[in-house]
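Please work through the exercises below with the sequence and the model side by side, and try each task before reading its solution.

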Amino acid sequence: MSADSSATLAERTWQTSRCQVLFVPLGSTEQHGPHLPLGTDATVAQAVARDLTARSIRAGSDAAAAPVLGYGASGEHEAFAGTISIGTAVLTTVLVEIGRSAGRWAPRLVFVNGHGGNVDAVRAAVRILRDESRDVGWLACAAPPLDDVAPDAHAGRTETSLMLHLAPGLVRTSRVAAGQTRPLREILPDLQRAGLAGVSANGVLGDPAGASADEGAMLLTAMCDRAWSRMPAGDPV
Ligand SMILES: [Zn+2]
């Protein structure tokens, strides 16, 4: 593949950037416990966006992955250093403007969201853009259950496995430790009142024990399969 038909938008030029589908990965800059980097959600979203771009190209459409948006809505993590949140209102505006601007040359845009805290903004932005008659949708980077257990809410086994697969050098294996392991529904009131620091001293919700790179590869494939199944034959999502 030449640079002019690169799957990575940033590698194209203005003369070759028009494409049928643009995937825009959305991450966060947010604490992920003592062992995972702040850019974990961005790394995962980028990997899923790249995979979906490759599948779209194989299916015959000219697709590209835009640069990842590394800031999101992470207010509940702000007690932990390193977190930078732009909040739901600003994120909504940013996404709407990305949609309007890219919509001048990319007829179809799909946000690929890697951070749960961004969902309200993504939904609101997609609603606004669709009301303007744009072909815009979004997909979640949603991991399947492991051994019939729902994925960890934050920096637990699921995200640790994904990062061991995608960026093993950034996983501080000597600092892996369990965090708050009670079910999310039980801790939700405290989390909403006091933020994540109110329910987990080390910033982890779940237990990374058992995580592995092989499991991460399997989870990533399942995540991409699931996202891809939501946009069959290039229909609007
Ligand atoms: Zn995360």
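The exercises that follow concern a predicted model, and each task is paired with a worked solution.

**Exercise 1. A salt bridge across the chain**

Task: Find which residue forms a salt bridge with R12, and explain why the pair ties together parts that are apart in sequence.

Solution: Begin with the contact itself, where R12 is joined to D62 by a salt bridge whose closest N and O atoms are 3.0 Å apart. Next, place the two partners: R12 belongs to the segment before strand 1 (21–26), while D62 sits in the loop between helix 1 (40–58) and strand 2 (63–65), so the bridge ties together parts that are 50 residues apart in sequence. Finally, consider accessibility, for which the cut-off for buried is under 20% relative accessible area. With 8% relative accessibility R12 counts as buried, whereas D62, with a relative accessible area of 29%, is partly exposed. This pair can be set against the result for the whole structure, in which a search finds 10 salt bridges.

**Exercise 2. A pair within a helix, and a network**

Task: Determine how D190 and R193 are placed in helix 5, and then identify which residues are joined into one network by salt bridges that share partners.

Solution: The side chains of D190 and R193 meet in a salt bridge, at 2.9 Å from N to O. Both belong to helix 5 (residues 184–194), and because they are three residues apart there, about one helical turn separates them. As to accessibility, D190 counts as partly exposed at 30%, and R193 is exposed, its relative accessible area being 64%. Turning to the network, salt bridges that share partners join E97, R100, E132 and R134. One of its links is the salt bridge between E132 and R134, with the closest N and O atoms 2.9 Å apart; here E132 is partly exposed at 31%, and R134 is partly exposed at 29%.

**Exercise 3. The zinc site**

Task: Establish which residues coordinate the zinc ion, and where H32 and E159 lie along the chain.

Solution: First list the donors, which are NE2 of H32, OD of D41 and OE of E159, at 1.9 to 2.1 Å from the zinc ion. Then read their spacing along the chain, which follows the pattern H-x8-D-x117-E. H32 lies in the loop between strand 1 and helix 1, and E159 lies in helix 4 (residues 157–166), so that this pair, 127 residues apart, links distant parts of the chain. To complete the picture, both H32 and E159 are buried.

**Exercise 4. Strand 3 and its partners**

Task: Decide whether the residues of strand 3 are buried or exposed, and work out which strands pair with strand 3.

Solution: Start with the strand alone: strand 3 (residues 108–113) is mostly covered, with six of its six residues buried. R108, V110 and V112 point one way and L109, F111 and N113 the other way, yet all are buried. Now look to the pairing, where strand 1 runs parallel to strand 3 and is joined to it by six bridges, with P25 standing opposite V112. Strand 4 (residues 135–140) also pairs with strand 3 in the parallel sense over six bridges, and in strand 4 the bridge partner of N113 is A140. Between strand 3 and strand 4 the chain passes through helix 3 (residues 119–131), making a β-α-β crossover that is right-handed.

Note on methods:
Residues are numbered from 1 along each chain as its sequence is written. This is a predicted model: local features need pLDDT of at least 70, side-chain atom pairs count only at pLDDT 80 or more; totals for chains, interfaces and linings use all residues. Side-chain values use heavy atoms; hydrogens and water are left out. A salt bridge is a side-chain nitrogen of Lys or Arg within 4 Å of a carboxyl oxygen of Asp or Glu. Helices (H or I, at least four residues) and strands (E, at least two) are DSSP runs, numbered from the N terminus. Buried means under 20% relative accessible area, exposed over 50%, partly exposed in between (1.4 Å probe, protein chains only). Donors are N, O and S atoms within 2.8 Å of the metal (3.2 Å for Na, K and Ca); water is not among the atoms, so sites may look incomplete. Two strands pair if DSSP finds at least two bridges between them. A crossover is right-handed if, with the strands pointing away from the viewer, the path from the first strand over the helix to the second runs clockwise.
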